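Here are some exercises to try with the model open beside you. Have a go at each task before reading its solution.

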Amino acid sequence: IETTFDRTTKVVDFVQPDDLKTKIDLDLHDEPENLHRIVELCRTSLQYSVRSGHPYFFNQLFAGIDVVSLMGDFLASTVNVSMYTYEMGSVFVLMERAVLKKMMDLIGFDAGDGIFSPGGSISNIYGMNLARYKMFPDVKEKGMWALPRLVMFTSEEGHYSMSKSASLIGLGTENVISVSTDDVGRIIPDDLKSKILDAKAKGFCPFMVNATSGTTVRGGFDPLDS
């Protein structure tokens with residue numbers, strides 16, 4: 001941790017993949033390694049990994065070491081419980097509900113529920129699946145064949161995971177309609193309205209509009225109020 005914050009060190013001791021393979025043994029052996037060897041491998045892993053907490057490391061998605069968060073990781077890994085019941089998760093189940101309540105308070109929800117997911121891609125899959133289920137609950141038992149042709153709308157600068165989500169839930173990537181953006185990367189409401197009306201005129205069934213608060217490349221915030 002101390003080395004990570006040292007400005008005199010490199011952000012990364014970069015070596016090419018073939019060279020790195022000669023510096024650290026990542027093969028899975030039939031016999032277990034001793035603890036001394038494991039500590040040695042940990043040191044080597046740290047040596048050649050990117051120091052995301054370095055003062056000269058810049059990334060739009062992640063950076064740095066937060067000591068409190070690090071301790072939280074230690075705690076969760078030490079206890080190593082599952083979260084599917086209170087009997088198993090106890091403290092962590094209540095912790096999760098407290099965090100969810102705070103998040104709902106921040107966005108103005110009086111009540112609700114939620115889950116934590118490991119990233120934006122899987123969150124978008126969840127969101128698309130929920131939007132479809134809200135409009136057509138029968139999809140759970142009867143599948144897509146019982147539904148009209150569904151279409152959804154997203155910014156032309158939106159995340160690629162929307163198309164991936166459409167593919168995974170059986171919607172199809174051709175049913176993801178891109179909406180034009182303005183000069184700062186925000187969805188143009190008039191273009192959205194026009195494309196919704198056009199989809200309806202063709203007999204399609206719009207079921208979801210995906211709005212982005214901070215697009216990946218330009219950081220555009222779609223006008224949610226519109």
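**Exercise 1.** Find the bridge partner of phenylalanine 153 in S2, and then place the pair in its sheet.

*Solution.* Step 1: the partner of phenylalanine 153 is isoleucine 177. Helices (H or I, at least four residues) and strands (E, at least two) are DSSP runs, numbered from the N terminus. This is a predicted model, in which local features need pLDDT of at least 70, side-chain atom pairs count only at pLDDT 80 or more, and totals for chains, interfaces and linings use all residues. Residues are numbered from 1 along each chain as its sequence is written, and side-chain values use heavy atoms, leaving out hydrogens and water.

Step 2: S1 (residues 150-155) and S2 run parallel, joined by four bridges; two strands pair if DSSP finds at least two bridges between them.

Step 3: the order S2-S1-S3 describes an open sheet of three strands with parallel pairing. S2 (176-179) and S3 (205-210) each have a single partner strand, so one side of each lacks a neighbour in the sheet. From one strand to the next, the twist averages 25°.

Step 4: helix H6 (residues 120-135) packs on this sheet and touches S1 and S3, where contact means heavy atoms within 4.5 Å. The direction of H6 makes about 145° with that of S3 (axes are lines fitted to C-alpha atoms, for helices over the stretch in contact, and angles run from 0 to 180 degrees between N-to-C directions).

**Exercise 2.** Which residues of H5 are buried, and which helices help to cover them?

*Solution.* Step 1: Phe92, Val93, Leu100 and Met104 are the buried residues of H5 (buried means under 20% relative accessible area, exposed over 50%, partly exposed in between, with a 1.4 Å probe and protein chains only).

Step 2: they sit on the same side of H5, because their arc around the axis is only 115°, taken from the directions from the helix axis to the C-beta atoms.

Step 3: their cover includes helix H3 (67-79) and helix H4 (86-89). Exposed Val91, Lys102 and Leu106 lie on the face turned away from the buried side.

**Exercise 3.** What links the side chains of glutamate 40 and arginine 37?

*Solution.* Step 1: they meet in a salt bridge at 2.8 Å, N to O (a side-chain nitrogen of Lys or Arg within 4 Å of a carboxyl oxygen of Asp or Glu).

Step 2: the two are three residues apart in helix H2 (residues 35-47), so about one helical turn separates them.

Step 3: both ends are partly exposed, glutamate 40 at 35% relative accessible area and arginine 37 at 22%.
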